[in-house]
Amino acid sequence: MPSRSGEGKDHGHSYVHDSDLPRDYKPIIVEKGKKFAAYNKNGKLLIIGYNRKIVERYAYGQEKIRFERQRQD
């Protein structure tokens with residue numbers, strides 16, 4: 001019987017690092033059935049999909065871009 005280590009396995013515990021976004025700019029993730037949707041602070045739909053990780057990463061990425069653009073202006 002081969003010995004196997006648990007190192008390197010993806011257990012699905014993902015964490016989106018969003019500490020560089022202010023609280024007002026964090027997107028809202030909503031689950032409806034099997035679908036996930038992300039909305040910005042104004043209620044505008046950013047993305048909808050079946051995979052929560054992908055929806056979160058895309059939404060946080062878009063909000064970071066939007067926040068950086070507003071800081072430059």
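Which helix holds both R71 and E68, and how many residues apart are they? Keep that pair in mind; the tour ends there. One thing before you start clicking: this is a predicted model.

**Stop 1: the whole chain**

Colour by secondary structure. You should see 1 helix and 3 strands, and if you trace the chain along the sequence the pattern is β-β-β-α. Now switch on the surface. The protein's accessible surface is about 6,200 Å², with carbon and sulfur atoms making up 48% of that. Of the 73 residues, 25% count as buried. As for contacts with a separation of 6 or more, 37% of them join residues 24 or more positions apart.

**Stop 2: the sheet**

Hide the surface and select the strands. They make an open sheet of 3 strands in the order β1-β2-β3, with antiparallel pairing. The edges are β1 (28-32) and β3 (45-49), each of which pairs on one side only. On average, and ignoring direction, neighbouring strands here are turned by 20 degrees against each other.

Zoom in on β1 and β2. These two are joined in the antiparallel sense over 5 bridges. If you turn on hydrogen bonds, it helps to know that strands of a sheet pair through backbone hydrogen bonds. Click K32 and look across: the residue standing opposite in β2 is K35.

**Stop 3: the helix over the sheet**

Bring α1 (52-72) back into view. The helix lies across β1, β2 and β3, and runs at about 165 degrees to β3.

**Stop 4: the core**

Select I29, F36, A38, I47, V55 and A59 and show their side chains; these 6 residues form the largest nonpolar core. The elements giving two or more residues to this core are β2 (35-39) and α1.

Now centre on I47. What does I47 touch, leaving out residues up to four places away in sequence? Its partners are F36, A37, A38, V55 and Y58. Of these, F36, A38 and V55 are listed in the core alongside I47.

**Stop 5: the salt bridges**

Back to the charged side chains. Side chains of opposite charge can pair when their charged atoms come close. The structure holds 3 salt bridges, so take them in sequence order.

Start with R52 and E56, whose side chains meet in a salt bridge at 2.9 Å, N to O. They sit 4 residues apart in helix α1, so about one helical turn separates them. How do the two ends differ in cover? R52 is partly exposed at 37% relative accessibility, while E56 is buried, with a relative accessible area of 12%.

Next, pick E63 and R66. Here the salt bridge spans 3.2 Å, N to O, and the two residues are 3 apart in α1, about one turn of the helix. E63 counts as buried at 1% relative accessibility; R66 is partly exposed, with a relative accessible area of 22%.

Finish with the pair from the opening. R71 forms a salt bridge with E68, and the closest N and O atoms are 3.5 Å apart. Both residues lie in helix α1, 3 residues apart, which is about one turn of the helix. R71 counts as exposed at 57% relative accessibility, and E68 is partly exposed, with a relative accessible area of 39%.

How values were computed: Residues numbered from 1 in each chain as written. Predicted model: local features only at pLDDT ≥ 70, side-chain atom pairs only at ≥ 80, totals over all residues. Heavy atoms only, no water. Core = buried A, V, L, I, M, F, W, Y, C linked by side-chain atoms within 4.5 Å. Buried < 20%, exposed > 50% of the residue type's maximum accessible area, 1.4 Å probe, protein only. Contact = heavy atoms within 4.5 Å. Areas by Shrake-Rupley, 256 points an atom, 1.4 Å probe, with all protein chains shown as cover. Pairing = 2+ DSSP bridges. Axes fitted to C-alpha atoms, helices over the stretch in contact; angles between N-to-C directions. Salt bridge = Lys/Arg side-chain N within 4 Å of Asp/Glu carboxyl O.
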